[in-house]
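Good morning, colleagues. Please take a moment to look at the sequence and the structure on the screen before I begin.

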Amino acid sequence: MTTPSFAQRFAKLADERSPFCLGLDPSRDVLARWNLPDTVQGLSDFCDRLADASGETLAVVKPQSAFFERHGPEGLVVLQRVLKRFRAAGTLTLLDVKRGDIGSTMDAYAESLFGKGSAYDVDAATFTAYLGLGALAKTVERARAHGACAFVVVRSSNPEGVPVQNAVGGDGRTVAQAVADGLRELNEKAGPGVLPAGAVMGATLPPADRDVVERLGGALLLTPGIGSQGAGFNDLPKLFSGRERQVLPTAARSVLEAGPDVAALKKALEAHQAPSRAFREGA
């Protein structure tokens, strides 16, 4: 039996729950705000409370690996455990690791992320293409083979990324445009509806980046920047109108600041899920 693609599973969950993607960012500041110790136990308690609050309502959860890695091997055990708990709730797991390398090193990263028996067995992960999009071709293929998705940074929401992403190459395209064209080609090669190559496109980007969005074709669009980074749900149509069903609206801090009370977290989640549903439906 063919494994359903990430895009197919996301479409179903987005309709049943909402397309909202919750970022799991247990930073030192967030743990302190929740009156939790900056320890592995505090990290574990944080994850459990969020999982309790979200239950079976989330389509996608996006743990930021760095906040687990900083606690060493025991932090990664917590990461593996919380990924399993969200999977058990039917939530798609998207690990924010932004890997980017070449050859056997990149293959090893991909082996750790995708497929039964892998270290993390996630449904999706984030990558960077600074070493060339071609270096990620096997990663995208591995994602396709396991019904997963590789989200590649195209245009990020941080201002430091602008000079690199908008740099113009010899063919007249910006770096972002070239990466977008390459991702579209990888998706076309995979066949209709599979879409193993997604794009990270910051929600705070100006309308001028609409050209980059158009170049991506049907790729899924992970859109961080909602909430604390300055974008709102009403900003999404500026870049993504006509592409509503491709978008994973993403926020972390604007939900997490409601913690540690589980009831307050549930309320904050719904406050993000409702406008996500409305945007998806074109309302």
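I start with two aromatic residues: Trp34 and Phe46 are both buried. Please bear in mind throughout that this is a predicted model.

How many aromatic pairs does the structure hold? The structure holds four of them. In one of these, Phe6 and Phe10 are stacked, with 6.4 Å from centre to centre and 0° between the planes. Why are Phe6 and Phe10 separated by about one helical turn? The reason is that these two residues are four residues apart in helix α1. Phe6 has a relative accessibility of 0% and therefore counts as buried. Phe10, with a relative accessible area of 1%, is buried because the cut-off for that class is under 20%.

I return now to Trp34 and Phe46, which form a tilted aromatic pair, 4.7 Å centre to centre with 40° between the planes. This pair links distant parts of the chain: Trp34 lies in the loop between α2 and α3 (40-54), whereas Phe46 belongs to helix α3, and the two are 12 residues apart.

On the wider grouping of rings, Phe6, Phe10 and Phe151 form one aromatic cluster.

The next residue is Ser27, in the loop between β1 (21-24) and α2 (28-33). Is Ser27 buried or exposed? Its relative accessibility is 15%, so Ser27 counts as buried. A polar atom of the Ser27 side chain lies 3.2 Å from the backbone nitrogen of Val30. Leaving aside residues up to four places away in sequence, Ser27 touches Phe67 and Arg70.

Let me contrast this with Thr2, found in the segment before α1 (6-16). Thr2 has a relative accessible area of 71% and is classed as exposed, because that class begins over 50%. Which residue has its C-alpha atom 9.1 Å from that of Thr2? That residue is Ala145, which is 143 residues away along the chain.

Finally, I turn to the surface. Ile102, Tyr130, Leu131 and Val164 form a nonpolar patch there, and together they have about 440 Å² of accessible area. One member of the patch, Leu131, sits in the loop between β4 (124-127) and α7 (137-145). Leu131 has a relative accessible area of 44%, so this residue is partly exposed.

To summarise, I have described an aromatic cluster of Phe6, Phe10 and Phe151, a buried Ser27, an exposed Thr2 and a nonpolar surface patch that includes Leu131. Thank you for your attention.

Terms used: Residues numbered from 1 in each chain as written. Predicted model: local features only at pLDDT ≥ 70, side-chain atom pairs only at ≥ 80, totals over all residues. Heavy atoms only, no water. Buried < 20%, exposed > 50% of the residue type's maximum accessible area, 1.4 Å probe, protein only. Polar contact = N/O pair within 3.5 Å; in protein donor to acceptor, adjacent residues only side chain to side chain. Contact = heavy atoms within 4.5 Å. Patch = residues over 30% accessible without salt bridge, like charges linked within 9 Å, V, L, I, M, F, W, Y side chains within 5 Å. Areas by Shrake-Rupley, 256 points an atom, 1.4 Å probe, with all protein chains shown as cover. Salt bridge = Lys/Arg side-chain N within 4 Å of Asp/Glu carboxyl O. Phe/Tyr/Trp six-rings, centres within 6.5 Å; stacked < 30°, edge-to-face > 60°.
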